[in-house]
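Let's take a walk through this one together, starting with how two helices meet and then moving over to the ligand. Have the viewer open as you read.

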Amino acid sequence: MKRCCRVKLNTDNMNLENVMKVLIINGSPRAKGNCAWLSEQLAEKYSGEDCEVIALKDLKFSNCGGCENCRTGEGICETDDDLKAVLPKLLEADLIILSSPNYYAAVSGICKTFMDRWVCLKKRAGIPQFRPEQKLFFVFVQGAGNRGHGEPAVEWAKKVCTHYGLKFYGMVIPNCAADSRDGIRLKMDEIRMNLSMFL
Ligand SMILES: Cc1cc2nc3c(=O)[nH]c(=O)nc-3n(C[C@H](O)[C@H](O)[C@H](O)COP(=O)(O)O)c2cc1C
């Protein structure tokens, strides 16, 4: 039995089925780019699990206002936008797969805005609300051929995830031109293998 799994009752044949909750988040503002293609491939890989794909570009959400209301009072983010429904899904997922394009050696603007909003997922007294067994697999796609160019951003993402108590694995995928899926296609086996090893 996999370590990160929930048990779902299959009422058709009354067999117990191990189902992992997988949340795939596409952090590119492009509808048909490398992150979108990757998300489709991985949704297929996890089609037997409880898998959902979310494209951040399809959501309307604002910056973290830095009001700190989530850390005081009722501990709730008062921003009323599409992330209200999405943030709790992060806490439920056994595996979060987050992809982002490299924009000037950093994650995309929407991805950064999204991650800033995680601040409300911290309980008061600084105890993360994520479960200790939750995992985040980060894929950073970039045009450059040099993986080292993207590594500082992966290290940054690792720090954010570690801060929230998430187990982290990150990969830079080089040679991902905007108008071709060849670069990411070439690395799919490596991505699948690393995911399997991470789980
Ligand atoms: C605003 C912007 C900044 C970019 N900056 C970089 C960069 O610093 N380094 C790099 O290797 N690629 C850079 N790229 C290229 C993208 O990271 C690359 O094409 C990526 O595969 C796009 O992902 P997507 O197809 O999922 O949108 C940039 C692209 C844009 C639009």
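**Helices, then the ligand**

Helix α1 passes α6 in a right-handed crossing. Keep in mind that this is a predicted model. To pin down the packing, you want two numbers: two packed helices are described by the angle between their axes and the distance between the axes. Here α1 covers residues 34–45 and α6 covers residues 188–198, and they pack at an angle of about 50 degrees with their axes 12 Å apart. Angles under 35 degrees would count as roughly parallel and 65 to 115 as roughly perpendicular, so α1 and α6 are oblique to each other.

Now over to the ligand. Which residues come nearest to it? Of the 17 around the ligand, those are Ser-28, Arg-30, Asn-34, Asn-102 and His-149. Sorted by class, the shell holds nine nonpolar residues, seven polar ones and one charged.

Next, look at the backbone. A backbone N or O atom of Asn-34 sits 2.7 Å from a ligand oxygen, and a polar backbone atom of Asn-102 is also 2.7 Å from an oxygen atom of the ligand. For Ala-105, a backbone N or O atom lies 3.4 Å from a ligand oxygen. As for burial, the ligand on its own has 640 Å² of accessible area, and the protein covers 76% of that.

How values were computed. Residues are numbered from 1 along each chain as its sequence is written. This is a predicted model: local features need pLDDT of at least 70, side-chain atom pairs count only at pLDDT 80 or more; totals for chains, interfaces and linings use all residues. Side-chain values use heavy atoms; hydrogens and water are left out. A residue is near a molecule or strand if one of its heavy atoms lies within 4 Å of it. A polar contact is a pair of N or O atoms within 3.5 Å; within protein, one must be able to donate a hydrogen and the other to accept it, and residues adjacent in sequence count only if both atoms are side-chain atoms. Accessible areas come from the Shrake-Rupley method with a 1.4 Å probe; for residues, only the protein chains shown count as cover. Ala, Val, Leu, Ile, Met, Phe, Trp, Tyr, Cys and Pro count as nonpolar, Asp, Glu, Lys and Arg as charged, and the others, Gly among them, as polar. Axes are lines fitted to C-alpha atoms, for helices over the stretch in contact, and angles run from 0 to 180 degrees between N-to-C directions. Helices (H or I, at least four residues) and strands (E, at least two) are DSSP runs, numbered from the N terminus. Angles under 35 degrees count as roughly parallel, over 145 as roughly antiparallel, 65 to 115 as roughly perpendicular and the rest as oblique. A crossing is left-handed if the near helix is turned anticlockwise from the far one by less than a right angle, and right-handed if clockwise.
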